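Let's walk through this structure together, starting with the overall layout and then moving to the interior, the largest pocket and a few individual residues. Keep the 3D view open as you read.

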Amino acid sequence: MKTTTLFAREPFITPDARSQRPLLILVAAPYRSGTDDDPWLVDANVAVMAEVSLRLLRAGHLPVVCEWLALPLIEHAGSGQIGDQIFNSIFETVAAELLDKCDAILRIGGPSDDADDVVATAWNRGKTVYFALEDVPPVQTAAISINRGRRRSVRGPA
């Protein structure tokens, strides 16, 4: 039997904390640009995105990198190489959906037409775009107040 705890009240978030809530931030950076599709250089670009993402997480935000979601799907779908039809179709779909869901974009790294297109699209949709990790405000967790009183237990089907 499953037991789920629900709160009688929603968490109360102050107006100041609302602007300091954790953001879902898409890290946009070169992936293939300047690599000539050399796997070592492509992996190095992904490693840079992972390092920056870890720093975003430590600042209280939830980072996301398109490659984290797209690449396993591309491999599973049977893509034969970077840039083939399967690769491009899945990568573009995941990138477009992530951009819709994200609160902000962090553009890092060197030249990349694809990353620059993400930035342009984000601006056109009114999203916040940061160009340096230091510009992303850390989350002030102390500003969030949660009333943990009046819990009730709801039992659902097993």
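How many helices and strands are there in the protein chain? The model, which is predicted, has five helices and eight strands in that chain. If you trace the elements from the N terminus on, you will meet them in the order β-β-α-β-α-β-α-α-β-α-β-β-β. The protein chain has 158 residues, and buried residues make up 31% of them. Among the contacts with a separation of 6 or more, 74% are accounted for by residues 24 or more positions apart.

Now turn to the interior. In soluble globular proteins, nonpolar side chains tend to be buried together. Here the largest nonpolar core has 36 residues, and Leu-26, Met-49, Ile-105 and Leu-106 are the ones that touch the most other members. Two or more residues of this core come from each of β3 (24-28), α2 (39-58), α3 (66-76), α4 (85-101), β5 (104-107), α5 (113-124) and β6 (128-130). The element that gives the most to this core is α4, with six residues.

Ile-105 is a good place to zoom in. Leaving aside neighbours within four places in sequence, Ile-105 is in contact with Ile-25, Leu-26 and Ala-28, with Leu-99, with Val-118 and Ala-122, and with Thr-128, Val-129 and Tyr-130.

One of those partners, Ile-25, deserves its own visit. Ile-25 lies in strand β3 and counts as buried because its relative accessibility is 0%. Not counting residues up to four places away in sequence, Ile-25 touches Leu-56, His-61, Leu-62, Pro-63, Val-64, Cys-102, Ala-104, Ile-105, Leu-106 and Val-136. Val-136 is 111 residues away from Ile-25 along the chain, with 9.6 Å between their C-alpha atoms.

Cys-102, another residue on that list, leads to the matter of disulfides. How many disulfides does a search of the whole structure find? The search finds zero. Cys-66 is in no disulfide, and the nearest cysteine sulfur, that of Cys-102, is 9.6 Å away. A disulfide would need the two sulfur atoms within 2.5 Å. Cys-66 counts as buried because its relative accessible area is 8%, and Cys-102 is buried too, at 1% relative accessibility.

Next, look at the largest pocket, which holds about 490 Å³ of space. Its lining is made of 25 residues, and Phe-91, Ala-95, Asp-114, Ala-115 and Val-118 lie nearest the centre. Val-118 is also among the contacts of Ile-105. By class, the lining has 15 nonpolar, four polar and six charged residues. At least two lining residues are supplied by each of β3, α3, α4 and α5. Which element gives the most to this lining? That is α4, with seven residues, and α4 also gives the most to the largest nonpolar core.

Finally, a backbone detail to check in your own viewer. Most residues other than glycine have a negative phi. Asp-36, however, has a positive phi of about 55 degrees, and Asp-37 has a positive phi near 60 degrees. Asp-36 is found in the loop between β3 and α2, and Asp-37 has its place in the loop between β3 and α2 as well. Are these two exposed, or partly exposed? Asp-36 counts as exposed because its relative accessibility is 77%, whereas Asp-37 is partly exposed, with a relative accessible area of 30%.

Methods:
Residues are numbered from 1 along each chain as its sequence is written. This is a predicted model: local features need pLDDT of at least 70, side-chain atom pairs count only at pLDDT 80 or more; totals for chains, interfaces and linings use all residues. Side-chain values use heavy atoms; hydrogens and water are left out. A nonpolar core is a set of buried Ala, Val, Leu, Ile, Met, Phe, Trp, Tyr and Cys residues joined through side-chain atoms within 4.5 Å. Buried means under 20% relative accessible area, exposed over 50%, partly exposed in between (1.4 Å probe, protein chains only). Helices (H or I, at least four residues) and strands (E, at least two) are DSSP runs, numbered from the N terminus. Contact means heavy atoms within 4.5 Å. On a 1 Å grid over the protein atoms alone, a cavity is a set of points where a 1.4 Å probe fits but cannot get out, and a pocket is an open set with protein on both sides within 12 Å along at least five of seven lines; lining residues have an atom within 4 Å of a point. Grid points are joined across faces, edges and corners, and a volume is the space filled by probe spheres set on the points. Ala, Val, Leu, Ile, Met, Phe, Trp, Tyr, Cys and Pro count as nonpolar, Asp, Glu, Lys and Arg as charged, and the others, Gly among them, as polar.
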